[in-house]
Amino acid sequence: MTKYTPLVIVLVMAVYLFQGLFPSNIIDPPAVQEFGRLPVLSEGRIKPMDSVARSTLLVIQGRQRVKTQEPDGDEITPDQWILDVMFNPAKADTYQTFVVDNPDVLTLVGKTHDDLKITYRQGWKQLVATTGALSSERRRLSFNEIIPAIPQIEAQYKLAEPVAAQSRTPFQSGVVQLYGNLTRYLRIRRAVLPEGENDLLGDLLSLQDNLESGVDAVRAKEAGKPHDEAKAKQIVDEGQKFLAMSESTDLLLIPPSGSLNLNDWHNVGHALLESFGRGNINPAVLAYAGMAFAWQKGETEAFDHVVGLYTSGLQKHFGKEMGRASIETTFNRIEPFYGCMVIYGLAFALVLVSWLRWTEPAQKAAFGLVALGWVAATAGILTRMWLEGRPPVTNLYSSALFIGWGAVALCLVLEFIYRNAIGSLAAGVIGFCTLLIAHHLSLAGDTMEMMRAVLDSNFWLATHVVVVTTGYASTFLAGMLAIIYVVRGVFTRGLDRATADSLGKMVYGIVCFATLFSFVGTMLGGIWADQSWGRFWGWDPKENGALIIVIWNALILHARWGGLIRQRGLMCLAIFGNVVTSWSWFGTNMLGIGLHSYGFTEAAFWWLIAFVASQLVLIAVANMPLSRWKSFQAAG
């Protein structure tokens with residue numbers, strides 16, 4: 001490897017990370033991009049249509065890309081998918097987007113293994129599928145395939161929904177998940193077009209011409225006066241249709257006229273009901289109806305024209321919101337945290353390579369990649385802060401981002417001081433794992449959700465939450481460094497005395513740092529609790545978890561100061577700190593009680609159990625006799 005190789009590697013990965021900014025990598029036509037930037041009100045905040053599409057796809061199918069048919073179908077973007085769902089549902093209903101894994105739920109839907117077999121168009125893929133390297137059965141069903149079973153799904157949902165999440169059978173959990181995904185899909189599907197509607201634009205233009213006389217006919221009928229029965233009936237029928245539309249979706253597409261109040265946004269059905277009092281159809285509704293007509297007919301120029309006109313009108317009154325929506329759409333397209341996962345993983349691999357050959361170039365490249373990943377994660381977190389108008393940690397998703405960010409920052413400091421690649425290795429593992437956790441948390445929905453009223457305090461989010469989360473990050477880092485110590489000592493011959501001593505110093509210093517931040521953060525949390533709930537401490541599970549972290553870190557320090565443990569003992573206690581911290585971070589949610597519980601999640605429960613078991617195994621390995629350590633001469 002040449003001396004320029006590390007720089008080349010970092011530059012190549014920087015290009016990979018920000019390739020979403022290059023026009024050549026943007027697949028959508030300009031009008032589709034413009035549609036994706038349209039601001040709408042959903043889940044309590046104004047966001048671009050692109051974010052609605054992406055978060056919905058993550059929930060209902062676990063990924064953002066959409067294939068028209070699995071596995072060899074054409075791939076479409078999230079914005080094209082939501083356009084089809086809203087404006088051409090007959091086509092969207094054929095896309096295989098609903099993940100159904102539970103075999104009993106598949107039986108409920110009426111599917112067998114034969115129905116799910118995949119036949120690849122390319123012969124070589126079909127051959128590879130027989131070896132198991134490619135999927136031989138599809139996991140996703142189309143809405144059309146599920147429609148016949150909807151009554152049974154709804155009946156089973158009504159039986160399963162009252163059962164506590166932690167007590168549900170796998171079948172019940174699968175039914176509740178599928179029912180929720182179908183509900184999300186239908187809310188978007190009914191956002192503009194009523195069921196069975198073929199020409200909303202034509203119907204609205206006809207209604208516009210007869211609106212005033214039709215309303216007069218209804219009033220005359222109610223007053224018992226002579227009236228035009230046909231026009232009165234049209235208005236009544238339309239009113240019932242609009243009422244059904246207003247009750248069938250929570251996607252608020254229609255902005256208020258010159259108002260920034262979130263309560264003034266409405267869905268299409270509600271805006272159409274208001275037309276009877278206004279005397280005319282809301283222009284925004286007509287714009288969406290025009291988009292639907294042009295998209296259904298495949299009239300690209302007409303669609304471009306309508307989207308352009310509507311965007312120009314919004315820009316006059318909602319320029320700030322349009323700007324935010326545009327930046328959020330660009331942020332979605334870049335997907336910086338997914339790119340950071342790849343970079344951290346590559347940094348980890350380069351550190352392993354450096355311990356075999358090309359020591360200096362590989363270590364420099366690894367350090368450069370970690371720094372690049374940290375800078376990109378910093379930019380991503382700052383962008384989220386600007387979009388939300390909040391401090392960096394507001395929910396579990398953002399806590400995973402921040403814990404990884406804080407741990408990697410400390411790793412960069414350690415690597416700058418010791419220059420032995422251990423900091424880069426720890427950064428690669430922690431950065432990758434925390435971003436992987438964040439990805440799975442994003443499958444629950446919008447990651448920039450609105451805060452609960454009691455938590456709606458930027459001051460305390462910026463003090464208590466940031467400080468205590470930094471305590472989490474540093475405690476996890478101490479545990480990761482201890483794991484590196486044990487793995488290198490037991491499974492390799494690379495733990496010499498100097499490396500062991502440097503790891504001991506790193507762990508001790510990080511535990512001191514973790515103790516300070518976890519203690520201060522817990523005290524600040526008590527003050528916030530006193531202001532919010534009128535008590536400083538209530539033995540809430542989350543409060544107990546934070547206290548246990550403080551006590552455990554203090555125990556480690558006192559055991560070391562008192563001579564009760566040496567180097568190996570310090571490492572074992574630091575590894576168990578991972579168990580303590582993971583309990584406070586995720587375990588308290590599994591209880592389903594307390595003011596800080598975010599709800600039981602079956603997948604998170606089993607991953608938490610597996611993580612705890614792995615840490616206990618590592619502690620057991622660390623306590624093996626020194627004769628079993630390949631680098632026993634370096635052990636304390």
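The paragraphs below lead through two helix pairs, the nonpolar cores and one loop residue of this structure, which is a predicted model.

Two packed helices are described by the angle between their axes and the distance between the axes. For helix 18, which spans residues 336-354, and helix 19, which spans residues 359-388, the axes come within 8 Å and cross at roughly 160°. Since angles over 145 degrees count as roughly antiparallel, helix 18 is therefore roughly antiparallel to helix 19. The crossing of helix 18 with helix 19 is left-handed, and the residues that form their contact comprise 20 nonpolar, five polar and one charged.

A second pair is made by helix 23, residues 497-533, and helix 25, residues 567-590, whose axes come within 10 Å and cross at roughly 45°. Helix 23 and helix 25 are therefore oblique to each other, and their crossing is left-handed. On the side of helix 23, the contact is made by A500, D501, L503, G504, V507 and Y508, while helix 25 brings Q567, L570, M571 and A574. Sorted by class, this contact of helix 23 with helix 25 holds seven nonpolar, two polar and one charged residues.

From these helix contacts we can turn to the nonpolar cores. The largest nonpolar core has 81 residues, of which F337, L477, L481, Y485, L503, V507 and W585 touch the most other members. Helix 22, residues 458-491, gives the most to this core, contributing 14 residues. L503 and V507, listed among those best-connected core members, are also part of the contact that helix 23 makes with helix 25. Once neighbours within four places in sequence are left aside, L481 is in contact with L414, I422, A426, L503, M506, V507 and I510. Separate from this core is a second one of 78 residues, which includes V59, I76, A292 and A294.

The last stop is a single residue, V192, placed in the loop between helix 11 (170-189) and helix 12 (200-222). Is V192, within that loop, buried or exposed? Its relative accessibility is 1%, and because buried means under 20%, V192 counts as buried. Its contacts, not counting residues up to four places away in sequence, are with M86, F87, L200, M245, L253, V268 and Y288. One of these partners, V268, lies 76 residues from V192 in sequence, yet the C-alpha atoms of V192 and V268 are 6.0 Å apart in space.

Technical notes: Residues are numbered from 1 along each chain as its sequence is written. This is a predicted model: local features need pLDDT of at least 70, side-chain atom pairs count only at pLDDT 80 or more; totals for chains, interfaces and linings use all residues. Side-chain values use heavy atoms; hydrogens and water are left out. Axes are lines fitted to C-alpha atoms, for helices over the stretch in contact, and angles run from 0 to 180 degrees between N-to-C directions. Helices (H or I, at least four residues) and strands (E, at least two) are DSSP runs, numbered from the N terminus. Angles under 35 degrees count as roughly parallel, over 145 as roughly antiparallel, 65 to 115 as roughly perpendicular and the rest as oblique. A crossing is left-handed if the near helix is turned anticlockwise from the far one by less than a right angle, and right-handed if clockwise. Contact means heavy atoms within 4.5 Å. Ala, Val, Leu, Ile, Met, Phe, Trp, Tyr, Cys and Pro count as nonpolar, Asp, Glu, Lys and Arg as charged, and the others, Gly among them, as polar. Buried means under 20% relative accessible area, exposed over 50%, partly exposed in between (1.4 Å probe, protein chains only). A nonpolar core is a set of buried Ala, Val, Leu, Ile, Met, Phe, Trp, Tyr and Cys residues joined through side-chain atoms within 4.5 Å.
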